[in-house]
Every structure is written in C-alpha cells, then in structure tokens.
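Welcome! Here are a few short exercises to help you find your way around a new structure. Try each task yourself before you read its solution.

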Amino acid sequence: MSQPQTTFPQSLPALTAVADIMQPPLTTVERYDHVAAAAYLMRHVGATALMVLDASTDRLIGIVTEADVAHAVADGKDVNEIRIHDVMTTRPTVITPATSIRDAAEIMTSSHFQHLPVMDGTGLRGVVEISDVCRALLADG
C-alpha cells in the first residue's frame with residue numbers, strides 16, 4: 001500500500017521589485033498647505049505619509065509623515081498656522097520601480113525610514129511603506 005501524497009498549492013510568484021508592492025500616491029499636498037490639512041487628509045484617506053509636490057512643476061520636493069505632524073504638535077506649534085514646508089523632509093531618498101524589495105528594506109532600516117517614494121523618468125509613481133516591505137519579505141520566506 002502506498003503512502004498518500006500531500007499536495008501543496010503552488011507558491012505565488014516571488015515578489016522581487018518594489019513595483020510589485022508599491023502603492024499609488026493617491027493623495028499629495030503642496031508645501032504651502034497648512035499642517036492641519038495634511039493631518040486631515042492622512043486621517044481620512046488612511047495614509048501615514050503624503051508626498052509634497054511643487055505646485056508649478058508637479059515635482060516631488062518632500063514628504064510629510066504622521067511623525068512630522070506629531071512632532072509639530074508636541075513642540076506646541078499651531079497646525080492651523082504652520083505650513084507643510086516647515087515640518088516636511090526635503091529631498092527625500094527615492095527609489096525606482098525596479099529597486100529590489102531587499103534593497104528597499106536595507107535603505108529603510110539603515111536610514112530609519114518608514115516610507116520611500118518611488119520615481120521613474122516620468123515622475124512620482126508610488127510609495128512603498130515599511131509594512132509593504134515586511135509583508136513581501138515574510139511571504140518570500
């Protein structure tokens with residue numbers, strides 16, 4: 001009598017590039033918007049960071065995160081008065097859609113980033129969050 005064979009579902013294709021896991025930058029802000037507006041948008045769209053675009057060129061000039069908003073509040077700043085350019089990270093580190101997920105993880109851990117904008121020759125393509133990278137690496141085994 002032969003032993004029954006256990007069959008396992010075929011594994012999913014390996015996720016290798018950030019293009020496989022990035023999220024589109026659905027919500028962006030401009031540097032002259034108030035920090036309160038960024039906080040409102042983050043809350044209502046479920047984002048933990050917003051990309052900051054130059055209004056005249058649509059070029060990425062920064063990133064504002066929940067931590068930036070929290071620091072402003074903790075410092076006693078009036079979020080209805082201060083502008084995003086006062087709290088944002090300027091010239092953020094960016095990656096391309098072809099960047100490997102492992103390279104993105106290395107950049108994030110070595111620089112203590114939780115978000116990386118994804119850009120190509122045509123501009124902002126998306127954003128990768130640390131949770132996206134963790135999920136992909138865990139799934140990869």
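**Exercise 1. The pocket**

Find out which helices and strands supply at least two residues each to the lining of the largest pocket.

*Solution.* Keep in mind that this is a predicted model. Begin with the elements: strand E3, helix H2, strand E5 and helix H4 (130-140) each supply at least two residues of the lining of the largest pocket. Next, turn to the volume of the largest pocket, which is about 340 Å³. Then look towards the centre: 19 residues line the largest pocket, and the closest to its centre are Thr65, His112, Phe113, Gln114 and His115.

**Exercise 2. The open sheet**

Work out the order of the four strands in the open sheet, and say which strands stand at its edges.

*Solution.* Start with the order, which is E1-E2-E3-E4, with mixed pairing. Now count partners: E1 (28-30) and E4 (89-90) each have a single partner strand, so they stand at the edges and one side of each is left without a neighbour in the sheet. Then follow one pair: E1 and E2 (residues 49-53) run parallel and are joined by three bridges. As an example, Thr28 has Met51 in E2 as its bridge partner. Finally, see what packs on the sheet. Helix H1 (residues 35-45) touches E1, E2 and E3 (60-65), and its direction makes about 130 degrees with that of E2. Helix H2 (residues 66-74) touches E3 and E4, with a direction at about 65 degrees to that of E3.

**Exercise 3. Two sides of a helix**

Decide which residues of H1 are buried and which are exposed on the other side.

*Solution.* First, pick out the residues with under 20% relative accessible area: Val35, Ala38 and Met42 are buried in H1. These three lie on the same side of H1, because they cover an arc of only 55 degrees around the axis. A general rule helps here: an α-helix has 3.6 residues a turn, so residues three or four places apart point the same way. Next, ask what covers the buried residues of H1: the cover includes E2, E3 and H2. On the other side of H1, Tyr40, Arg43 and His44 are exposed. Just after H1, Gly46 takes a positive phi of about 75 degrees.

**Exercise 4. A hairpin**

Describe how E5 and E6 pair.

*Solution.* E5 (residues 115-120) and E6 pair in the antiparallel sense over six bridges. Between them lie two residues, and the two strands form a hairpin. For one bridge, take Val118, whose partner in E6 is Gly126. Lastly, check burial: E6 (residues 123-129) is mostly covered, with six of its seven residues buried.

Methods:
Residues are numbered from 1 along each chain as its sequence is written. This is a predicted model: local features need pLDDT of at least 70, side-chain atom pairs count only at pLDDT 80 or more; totals for chains, interfaces and linings use all residues. Side-chain values use heavy atoms; hydrogens and water are left out. Two strands pair if DSSP finds at least two bridges between them. Contact means heavy atoms within 4.5 Å. Axes are lines fitted to C-alpha atoms, for helices over the stretch in contact, and angles run from 0 to 180 degrees between N-to-C directions. Buried means under 20% relative accessible area, exposed over 50%, partly exposed in between (1.4 Å probe, protein chains only). The arc is that of the directions from the helix axis to the C-beta atoms. On a 1 Å grid over the protein atoms alone, a cavity is a set of points where a 1.4 Å probe fits but cannot get out, and a pocket is an open set with protein on both sides within 12 Å along at least five of seven lines; lining residues have an atom within 4 Å of a point. Grid points are joined across faces, edges and corners, and a volume is the space filled by probe spheres set on the points.
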